[in-house]
Amino acid sequence: AKLFVRDVTTFNDNIFVQAQAELASANIVDLTEDRIVVVGVDGELEDDINFQFDGTEFNIGQGQFTVQVADGDIYTDGNLKMNGQLDITSTVNSTQPDNGALVIAGGLGVGMNTNIGGWLTVDGTVTLGDDTSDVVHLRGQTMNVPTGFTVKSTTGVDGAGDPGTITIDAAQTTITGDLTVQ
């Protein structure tokens, strides 16, 4: 049997439907606009302020993680932790610290090897090794240093004695300290 209701009808108690209910439209008064509906306890439809979509932005955690529909940009106020590999397929070249396929505003800590397939440009001081035991290998045929450079020992040979320096520039090479050629 079917029940057809053609006008506004008010029920003062629950309505139980033991088969499928087909509704042209439903207005659930305890749901809030732009919140995504989920199924709660005992199958009740409910929403949550921490799970929203307003047509332009998908929002989880009241702004903690958002995805913009127009451009796909993702924003998070938390940390991004991954167990897998992060592949950045953009080929945007970098010409300064604030552009390129990956831009990092703060420092960068790397726990293992780093391989760079193009130029490495550094603004500031470069420290290679740990001052005591590391050996620095420069591979390749040419190291271009337009204004010269200085290699300086801070503790002398084997940690004792006077420190020495080697300074190379376009006009001259200066060595202070002992020079041993073998």
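Two strands pair if DSSP finds at least two bridges between them. With that in hand, here are three close-up views of this predicted model.

**View 1. Strands β1 and β2 pair as an antiparallel hairpin.** Strand β1 covers residues 35–39 and strand β2 covers residues 45–53, and four bridges join the two. To find one of these partnerships, start at valine 37 and look across to aspartate 47 in β2, its bridge partner. Five residues lie between the strands of the hairpin. In this turn you will meet aspartate 42, which has a positive phi of about 60 degrees.

**View 2. Asparagine 59 sits in strand β3.** This strand spans residues 57–60. Is asparagine 59 buried or exposed? Its relative accessibility is 12%, so asparagine 59 counts as buried, the cut-off being under 20%. Its side chain reaches the backbone nitrogen of glutamine 62 at 3.4 Å. Leaving aside neighbours within four places in sequence, asparagine 59 is also in contact with Asn50, Phe51, Gln52, Phe65 and Thr66.

**View 3. Phenylalanine 51 and phenylalanine 58 form an aromatic pair.** A search of the whole structure finds one such pair. The ring centres of phenylalanine 51 and phenylalanine 58 are 5.8 Å apart and the ring planes stand at 75 degrees, so the pair is edge-to-face; planes over 60 degrees apart earn that description. How accessible are the two partners? Phenylalanine 51 counts as partly exposed, at 27% relative accessibility. Phenylalanine 58 is partly exposed too, with a relative accessible area of 25%. Phenylalanine 51 may look familiar from the previous view, where it was listed among the contacts of asparagine 59.

Conventions: Residues are numbered from 1 along each chain as its sequence is written. This is a predicted model: local features need pLDDT of at least 70, side-chain atom pairs count only at pLDDT 80 or more; totals for chains, interfaces and linings use all residues. Side-chain values use heavy atoms; hydrogens and water are left out. Buried means under 20% relative accessible area, exposed over 50%, partly exposed in between (1.4 Å probe, protein chains only). A polar contact is a pair of N or O atoms within 3.5 Å; within protein, one must be able to donate a hydrogen and the other to accept it, and residues adjacent in sequence count only if both atoms are side-chain atoms. Contact means heavy atoms within 4.5 Å. Rings of Phe, Tyr and Trp (its six-membered ring) pair if their centres lie within 6.5 Å; planes under 30 degrees apart count as stacked, over 60 as edge-to-face and the rest as tilted.
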